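Here are a few exercises to work through with a structure viewer open. Try each task yourself before reading its solution.

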Amino acid sequence: MTTNIEPSRDFIKLPEMPADVFTAPLKKPAHLGDDWLEPEQARYDAQDDLIWNELFDRQMKVLPGRAATAFMNGLEKLDLGKGGVPEFGRLSEELGALTGWSVVPVPMLIPDHVFFWHLANRRFPAGNFIRTRETFDYIQEPDVFHDVFGHVPMLTDPVYADYMQEYGRAGWKAMRYNRLKALGALYWYTVEFGLMMEGADVRAYGAGILSGPTEVVYAVEAQSPNRIMLNVDRVMRTDYVISDLQPTYFVIESFEDLYRQTVERDFDRLYKSLPPGFTYANSAVIDVDNVINRGTQEYLLRGGRGSGAAPV
Ligand code: HBI
Ligand code: FE
């Protein structure tokens, strides 16, 4: 059964969630409204700022030559290395002048429809906390370092900025067809774990890659993973793991190409023909793929995370 509520085309109002759309149950803290926004950014102390600075320095040792030029330029434009956790007000002002995006604080993972709605309005929801020393290397929930260091520099690129907004606008349709997992795969393989060509080189632009020390090197240089040219239709049928290095990365030619592939896609047609689950395993290489490197999958065959296998 489907209900007939459609969001207004401009997404000014938070779209109502039809009762027959299944989403993960998240408990909203009592002090927040329907937009899930914190009234103000958390205050960070000297210890927190030190954690930010150490995380920043660690990334700068591995990013040059591996991160996309757009990302490195974004870091510089926004001056994210000037010490400590950035203040969202300043960040939003600078980002706003460049591409019209802002950065807004949220307490934790927020519901999909609220997340999409903020993106559709060029607001990037960022975690209102920073990891501790105990969780320095691996955290489950996206903190301010992942969200701001990983995602925000990319939003200084005008075409990428438009892609993110289109992604948010596309969310509503995916929910109505109950195909959120498929659209989530697109986010995963682009915004979080995307690679791109720069001349003859492969570089990383995905925030999940760029905000940690290990996956940057693995994604760009290791023999294990497949690297396949991105095809939106194929990617939305591909399973993904969230707790280990990726068996496959998808590579774009340019942000223009990514934007065009997404806005030109007839999502109604796609969702109608898409089975509820995923068709392709995350390590699969299929007939239609334009393969750049076929991976050995050695890292995962040796047991992956926790096995002591080297990310080669
Ligand atoms: N909430 N804070 C936060 N950050 C996210 O990246 C996020 C979210 N809620 C939902 C969500 N992402 C997913 O809908 C997308 O990853 C597809
Ligand atoms: Fe992220």
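The exercises below go from the whole chain to a ligand shell, a helix pair and a single residue, and the model is a predicted one.

**Exercise 1. Work out whether the radius of gyration of the protein chain agrees with that of a compact globule.**

Solution. Start with the length: the protein chain has 312 residues, and a compact globule of that length would have a radius of gyration near 20 Å. The chain itself has 19 Å, so the two agree. Next, look at the extent: the C-alpha trace spans about 55 × 50 × 35 Å along its principal axes. For the make-up, count 13 helices and seven strands. Then turn to packing, where 38% of the 312 residues count as buried. Finally, take the contacts between residues at least 6 apart in sequence: 68% of them join residues at least 24 apart.

**Exercise 2. List the residues around ligand 1 and find which helices each supply at least two of them.**

Solution. Begin by collecting the shell: Val106, Leu109, Ile110, Asp112, Phe115, Pro125, Pro142, Gly184 and Tyr187. Now place these on the helices: α4 (112-120) and α7 (180-192) each supply at least two shell residues. Last, sort the shell by class, which gives seven nonpolar, one polar and one charged residues.

**Exercise 3. Describe how α4 and α6 cross and which residues meet there.**

Solution. First come the axes, which approach within 7 Å and cross at roughly 145 degrees. The hand of this crossing of α4 and α6 is left-handed. Then pick out the partners. On the α4 side they are Asp112, His113, Phe116, Trp117, Leu119 and Ala120. On the α6 side they are Met164, Gln165, Tyr167, Gly168, Arg169, Gly171, Trp172 and Met175. By class, the residues of this contact divide into eight nonpolar, four polar and two charged. One link back to the previous exercise: Asp112 belongs to the contact with α6 and is also among the residues around ligand 1.

**Exercise 4. Is Pro153 buried or exposed?**

Solution. Locate the residue first: Pro153 sits in the loop between α5 (144-151) and α6 (158-176). Now count its surroundings. Pro153 has 26 C-beta neighbours inside 10 Å, and the cut-off for a buried residue is 20 or more. Pro153 therefore counts as buried. Leaving out residues up to four places away in sequence, Pro153 touches Phe71, Gly74, Leu75, Leu78 and Leu80. To finish, compare Pro153 with Phe11: they are 142 residues apart in sequence, and their C-alpha atoms are 24 Å apart in space.

How values were computed
Residues are numbered from 1 along each chain as its sequence is written. Chains are lettered from A and ligands numbered from 1 in the order in which they are written. This is a predicted model: local features need pLDDT of at least 70, side-chain atom pairs count only at pLDDT 80 or more; totals for chains, interfaces and linings use all residues. A residue is near a molecule or strand if its C-beta atom, placed from the backbone, lies within 6 Å of it. Helices (H or I, at least four residues) and strands (E, at least two) are DSSP runs, numbered from the N terminus. Ala, Val, Leu, Ile, Met, Phe, Trp, Tyr, Cys and Pro count as nonpolar, Asp, Glu, Lys and Arg as charged, and the others, Gly among them, as polar. A residue is buried if 20 or more other C-beta atoms lie within 10 Å of its own, exposed if 12 or fewer, and partly exposed in between; C-beta atoms are placed from the backbone. Two residues are in contact if their C-beta atoms, placed from the backbone, lie within 7 Å. Axes are lines fitted to C-alpha atoms, for helices over the stretch in contact, and angles run from 0 to 180 degrees between N-to-C directions. A crossing is left-handed if the near helix is turned anticlockwise from the far one by less than a right angle, and right-handed if clockwise. The radius of gyration is taken over C-alpha atoms; the globule rule is 2.2 Å times the number of residues to the power 0.38.
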